[in-house]
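Colleague: I am new to reading structures, and I would like a close look at one part of this one: the aromatic rings. Could you first set the scene and then walk me through them slowly?

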Amino acid sequence: MDNPTRDDGAAADEALIARWQGGDQRAATELVGRHAQALARFAVSHGVRDEVEELVQDTFVRAFNSLQSFRADSSLRTWLFTILKRLVLDRQRAERRQRNKVELDEGHAIDEFDALDGMVADEALVRVRQATARLSPMQRDVFALRVNEGLPYAEIARVVESTEGACRVHYHNAMRAIKEYMTDD
Amino acid sequence: MTDCPNGLMRDQLPEYVHGVLSAADAARVAAHLEECGDCRDEVALLETVRADAEGRTPHINVAAIVSALPRPSAVTGRPASGRIRSTRAWQFAAAATLVLAVGSSVLWQRSPEGATQRVADSSQVLPTPASTAPVATAAEQVAPTEGMMFGGGLSDLSLNDLESLLGQMDSVRTLPSSQPESMTPVIAVKDGGKAL
């Protein structure tokens, strides 16, 4: 699909990386500014509530330490999402070990969202959150990257380590599940 | 809430919401939305989810993150432009001090007749004529006989000259003497003169 807007963004990232590698520290500020909020949104969609900024910072530190090995066969944003996802999973595993608990199941995820829903006045918003919380982790990742960030399936597939076709199926299943939940009483 | 049967169109709705479709694709989706209530509902849902995600996400302090990032030189191995690596800074300072000392000493010693007589001091590293070798200082014995000649001050040297000097200094492995050298000046006369 012809997509000049996204291509322009990737080209701008590559130019900023080259500037930073040439010693221009301001390029780092621009790079972080372009992607920090998107990374934070992705972290929140994973259920991260505390230390979102710390997670985003860790993501950038890791990325900048490895920029020499960055290949432009995927976009910088996709690469950053991949790093963040791994950090989130590492953190969740560490937390589970610390609590000596078995893997979080769907019920736990719903409980987390239910607690926040009490503070939300908009009934439709409450329903959307509850519906999203019921998605499988894979569906939630694909749905978040597609809806919140507008990523194409090819890039989503890189982040979630799946195929483009599987991601398309996950997205439409997630959308159908949310619609059904919204219309159910 | 039902699904529009046009799967291709539905597939593009998230990108339409984000405004990342090409102009032609965006126009096609917009035309479809005018006549498809299901897709309008889906776009409304997408916008709700997206707005909710933005509302729940804390604002990220970009400056704080940037301050924690590695410097480009630390990662790429190249020095940042306009900066001298701190590990070498003291060596440049030492080289500059030495150049100043030698340069000013030579200039001070130059006589109106053409600088045939020179007064050696403990910091002099110039080679001495063979006739005065017995009274040459330790520094003179260790100093190489070429590549260490200075005739001017620091302002005459470029950064490249300084770096060259630094490289030569690295090749001269002199250790400081445990005994302090005599403070008595030694006068070296070029053409068979006596040393005092």
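Modeller: Gladly! Let us start with chain B, whose secondary structure comes to eight helices and two strands. Please keep in mind that this is a predicted model. Reading chain B from its N terminus, you meet the elements in the order α-α-α-α-α-α-β-α-α-β. Chain B has 196 residues, and 33% of them are buried.

Now turn to chain A, which has nine helices and zero strands. Its elements therefore follow one another as α-α-α-α-α-α-α-α-α, since the definition names just helices and strands as elements. Of the 185 residues in chain A, 50% are buried. If you take the contacts in chain A with a separation of 6 or more, residues 24 or more positions apart account for 62% of them. In chain B, among contacts between residues at least 6 apart in sequence, 53% join residues at least 24 apart.

With that scene set, here come the rings. A pair of aromatic rings is described by the distance of the centres and the angle of the planes. Over all chains, the count comes to five aromatic pairs. Take A:F42 and A:F81 as one of them: their ring centres are 5.2 Å apart and their planes stand at 75°, so this pair is edge-to-face. The label follows because planes over 60 degrees apart count as edge-to-face. Follow the chain and you will see that this pair links distant parts of it: A:F42 belongs to helix α2 (residues 25-45) of chain A and A:F81 to helix α4 (residues 76-99) of chain A, 39 residues apart. What about their surroundings? A:F42 is buried, with a relative accessible area of 2%, and A:F81 is buried too, at 0%. Both values earn that word because buried means under 20% relative accessible area.

Another pair, A:F143 with A:Y171, is stacked, with 5.9 Å from centre to centre and 20° between the planes. A:F143 lies in helix α7 (residues 137-147) of chain A and A:Y171 in helix α9 (residues 164-183) of chain A, so this pair ties together parts that are 28 residues apart in sequence. A:F143 and A:Y171 are both buried.

The ring of A:Y171 has another partner as well: the charged end of A:R146 sits over it, 5.8 Å from the ring centre. You can find a similar arrangement at A:Y181, where the charged end of A:R127 sits over the ring, 4.6 Å from its centre. Rings can also join up in a group: A:W20, A:F60 and A:F64 are linked by ring pairs into a cluster.

While you are looking at chain A, glance at a polar spot. A:D24 is in the loop between α1 (4-21) and α2 of chain A. At 17% relative accessibility, A:D24 still counts as buried, because the limit for that word is under 20%. The side chain of A:D24 is joined to that of A:R19 by a polar contact of 2.9 Å.

Finally, let us see how the two chains meet. The contact takes 51 residues from chain A and 43 residues from chain B. Between them, about 4400 Å² of area is buried, and carbon and sulfur atoms give 61% of it. There are six salt bridges between chain B and chain A. Where could you look for a salt bridge? Try the side chains of A:R129 and B:D52, which meet in a salt bridge with 2.5 Å from N to O. The two chains also have 14 residue pairs in polar contact, counted with both residues at pLDDT 80 or more. On the side of chain B that touches chain A, α1 (7-18), α3 (37-56), α4 (62-68) and α5 (72-76) of chain B each supply at least two residues. The largest share of that side, ten residues, comes from α3(B).

Definitions and conventions. Residues numbered from 1 in each chain as written. Chains lettered and ligands numbered in written order. Predicted model: local features only at pLDDT ≥ 70, side-chain atom pairs only at ≥ 80, totals over all residues. Heavy atoms only, no water. Phe/Tyr/Trp six-rings, centres within 6.5 Å; stacked < 30°, edge-to-face > 60°. Helix = DSSP H or I, 4+ residues; strand = E, 2+ residues; numbered from the N terminus. Buried < 20%, exposed > 50% of the residue type's maximum accessible area, 1.4 Å probe, protein only. Lys NZ or Arg CZ within 6 Å of the ring centre and 35° of its normal. Contact = heavy atoms within 4.5 Å. Buried area = accessible area lost by both parts, 1.4 Å probe. Salt bridge = Lys/Arg side-chain N within 4 Å of Asp/Glu carboxyl O. Polar contact = N/O pair within 3.5 Å; in protein donor to acceptor, adjacent residues only side chain to side chain.
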